[in-house]
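Subject: Structure handover

Hello,

Here is the structure I promised to pass on. Please open it first, then read my notes below with the model on your screen.

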Amino acid sequence: MAWEQIEATPAHKSYLLLSSFLILYTLFATFVRNRLHLSEPPLALIVGILLGPKVLDWLNPNQCNGSTCLDEVTGNSTSWGWGDDVLQEITRVIVGLQVFTVGITLPRYYATKHWKSVAMLLGPVMTFGWIACAVIVYFLFQTNIPTALVISACLTPTDPVLSASILSNSQFSSRVPSRIRNMLAAESGCNDGVSFPFLYVGLYALLNNNFGDAAKDYFLITILWQCVFGTLVGLIIGTVFNYALRFSEKRGYTDDAGLTVFYLLLAILCVGTGSILGSDDFLVAFGAGYGFARDGWFTKKIKSAHLPDVIDLLLNSAMFVYFGTIIPWDSFDPKTVASTLAPWKIVLFAVLVLLFRRIPIVLATYKFIPDIQTFREALFCGWFGPMGLGGLFLAMEARAMLETESSIPLPHPPKYQPPLTSRQQAIELIWPVVSSVVVASTLVHGLSVLALSIGSHLRRHESERAPLLAAETDPLTGMVHEDSDYAEDD
């Protein structure tokens with residue numbers, strides 16, 4: 001019979017469902033972004049939750065044990081068989097591509113002109129957020145200090161994927177001054193890599209009993225090798241390949257298609273180089289992206305290809321669908337978990353992180369940040385610090401170090417029986433706590449554009465209001481726009 005030829009395997013269903021969602025979104029992308037004021041990540045996350053094992057159970061990437069993922073009717077597996085080691089590599093590549101893209105899209109010679117603003121965000125702002133989150137973790141989840149520092153470090157960076165979806169590929173971005181957009185983009189490109197020193201403070205405290213050895217390893221490996229050396233390697237790679245591509249393009253040895261492919265391959269090469277060297281993948285990728293395009297030549301060459309938008313649609317949206325299917329709901333079930341992860345604590349933690357991780361410190365220091373000129377701009381920059389795939393990667397990195405003392409985590413966290421050691425408690429808490437905040441941030445920050453647009457609409461006099469679903473182009477209230485905001489960046 002013909003129906004016997006149907007093979008609805010987990011992989012085959014995944015191809016069908018993921019492509020169907022992306023095709024449907026593509027058909028209405030401009031309407032969704034510019035009229036409904038929605039971005040891809042929250043929509044993709046919601047779709048993933050609906051398709052995942054918690055609701056429809058059509059997509060189940062989690063690795064199965066025994067027969068726990070077998071279909072009751074056919075006896076076939078309903079899972080892809082993927083574990084957290086696979087998730088780590090997927091997020092590594094996607095975040096690496098995104099931070100490389102950030103380096104490409106910044107205005108030429110951006111770092112030499114705006115380094116003070118970015119340094120303030122990477123220094124005092126990140127440090128305050130790390131400490132603030134650690135304090136909340138320590139008191140709310142009753143952990144020790146090193147565990148609190150590890151979890152908070154995973155929530156320290158702003159996510160380049162979410163930042164790009166909000167501030168770069170929609171009409172909303174024109175309502176925000178370009179200096180603010182570029183500053184937040186540069187921060188999101190750097191701070192995934194800069195988060196490693198924060199992460200390894202807690203990890204070395206959990207893994208080492210000897211303070212002297214831990215301090216030596218931290219300085220030599222984390223600071224010098226991973227961060228400083230990684231950034232230098234990235235800048236060298238970007239600069240060398242910039243000259244190589246100019247040489248080839250000037251002599252007609254490559255074409256427009258080759259330029260586009262070159263972009264993607266160079267980003268993956270940087271991720272691979274950083275991984276093999278044991279350096280900071282994301283700083284290598286960001287440094288290479290900036291070094292490759294800092295003179296603006298390559299950016300102009302590929303401007304018409306809209307490659308960053310293509311990456312957002314294909315890779316990032318698919319990744320958020322995937323994440324929606326692997327949210328550890330069982331960790332928050334009050335019937336099966338200890339009071340440490342009670343649902344009310346998870347919700348309260350997410351709210352406190354969103355409110356106190358960035359807003360207070362940006363409001364307190366914005367007069368020392370040259371690219372922030374008004375209180376409203378400071379409030380905006382303090383609020384738009386989304387946490388996403390970078391946080392998930394750091395959570396996998398932390399678990400890997402605690403589980404195997406290497407860069408590769410176990411496919412799933414081991415189950416421990418109480419009483420737990422400090423190391424075991426950290427392993428059990430990292431993934432559910434970080435993933436819950438990523439879910440909250442994706443939904444809240446992703447829907448913030450809609451909230452801002454509705455608020456701006458309601459503040460106008462009734463005679464001045466355009467239809468609510470009309471395209472918004474007016475600058476946000478309390479922000480200072482320069483003439484360059486309405487022209488192409490230099």
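Let's start with one residue. Asp57 sits in the loop between helix 3 (40–51) and helix 4 (84–105). Its phi is positive, about 60°, although Asp57 is not a glycine. Is Asp57 buried or exposed, or something in between? Its relative accessibility is 34%, so Asp57 counts as partly exposed.

Glu405 is worth a look next. You will find Glu405 in the loop between helix 17 and helix 18 (422–459). Its phi is near 55°, again a positive value in a residue other than glycine. Glu405 counts as exposed because its relative accessibility is 51%, and the cut-off for exposed is over 50%.

**The whole model**

Keep in mind that this is a predicted model. The mean pLDDT of the protein is 84. Of its residues, 86% reach 70 or more. Residues 486–490 are a weak spot, with pLDDT under 50 throughout. For that stretch the model has 9 contacts beyond four places in sequence. Where pLDDT is low, the predicted coordinates should not be read in detail.

How many helices and strands does the protein have? There are 18 helices and 0 strands. The protein has 490 residues, and buried residues make up 51% of them. Now take the contacts between residues at least 6 apart in sequence. Of these, 79% join residues at least 24 apart.

**The core**

In soluble globular proteins, nonpolar side chains tend to be buried together. Here, the largest nonpolar core has 126 residues. Which of them touch the most other members? They are Phe298, Phe349 and Phe380. Helix 5 (residues 110–140) gives this core its largest share, 13 residues.

Zoom in on Phe380. Leave aside its neighbours within four places in sequence. Phe380 is then in contact with Leu167, Phe172, Val176, Ile180 and Leu184. It also contacts Leu452, Leu476 and Met479.

**Aromatic rings**

The structure holds 20 aromatic pairs. A pair of aromatic rings is described by the distance of the centres and the angle of the planes. Try that on Phe141 and Phe349. Their ring centres are 5.2 Å apart and their planes are at 65°, so this pair is edge-to-face. The pair links distant parts of the chain, 208 residues apart. Phe141 is in the loop between helix 5 and helix 6, while Phe349 is in helix 14 (residues 343–356). Phe141 has 1% relative accessibility, so it counts as buried. Phe349 is buried too, because its relative accessible area is 0%.

Phe380 comes back here, paired with Phe384. Their ring centres are 4.5 Å apart and their planes are at 40°, so the pair is tilted. Both Phe380 and Phe384 are buried.

There is also a cluster linked by ring pairs. Its members are Phe100, Phe241, Phe262, Tyr263, Phe292, Trp297 and Phe298. Phe298 was also named above, for its contacts in the core.

**Two helices that pack**

Find helix 6 (residues 145–154) and helix 17 (residues 389–404). They pack at an angle of about 145°, and their axes are 8 Å apart. Helix 6 brings Val150, Ala153 and Cys154 to the contact. Helix 17 brings Gly391, Leu394, Ala395 and Ala398. What classes of residue make up this contact? There are 6 nonpolar, 1 polar and no charged residues.

**Three more residues**

- Thr156 lies in the loop between helix 6 and helix 7 (160–167). It counts as buried because its relative accessibility is 7%. Not counting residues up to four places away in sequence, Thr156 touches Met126, Trp130, Ser195, Phe198 and Arg357. Thr156 and Trp130 are 26 residues apart along the chain, yet their C-alpha atoms are separated by 5.5 Å.
- Ala342 is in the loop between helix 13 (307–325) and helix 14. Its relative accessible area is 14%, so Ala342 is buried. Ala342 and Phe332 are 10 residues apart in sequence and 6.1 Å apart in space, C-alpha to C-alpha.
- Ala119 is in helix 5. Its relative accessible area is 37%, so Ala119 is partly exposed. The C-alpha atoms of Ala119 and Cys190 are separated by 10.0 Å, with their places 71 residues apart along the chain.

Best wishes

Note on methods:
Residues numbered from 1 in each chain as written. Predicted model: local features only at pLDDT ≥ 70, side-chain atom pairs only at ≥ 80, totals over all residues. Heavy atoms only, no water. Core = buried A, V, L, I, M, F, W, Y, C linked by side-chain atoms within 4.5 Å. Buried < 20%, exposed > 50% of the residue type's maximum accessible area, 1.4 Å probe, protein only. Helix = DSSP H or I, 4+ residues; strand = E, 2+ residues; numbered from the N terminus. Contact = heavy atoms within 4.5 Å. Axes fitted to C-alpha atoms, helices over the stretch in contact; angles between N-to-C directions. Nonpolar A, V, L, I, M, F, W, Y, C, P; charged D, E, K, R; others polar. pLDDT = per-residue confidence, 0-100. Phe/Tyr/Trp six-rings, centres within 6.5 Å; stacked < 30°, edge-to-face > 60°.
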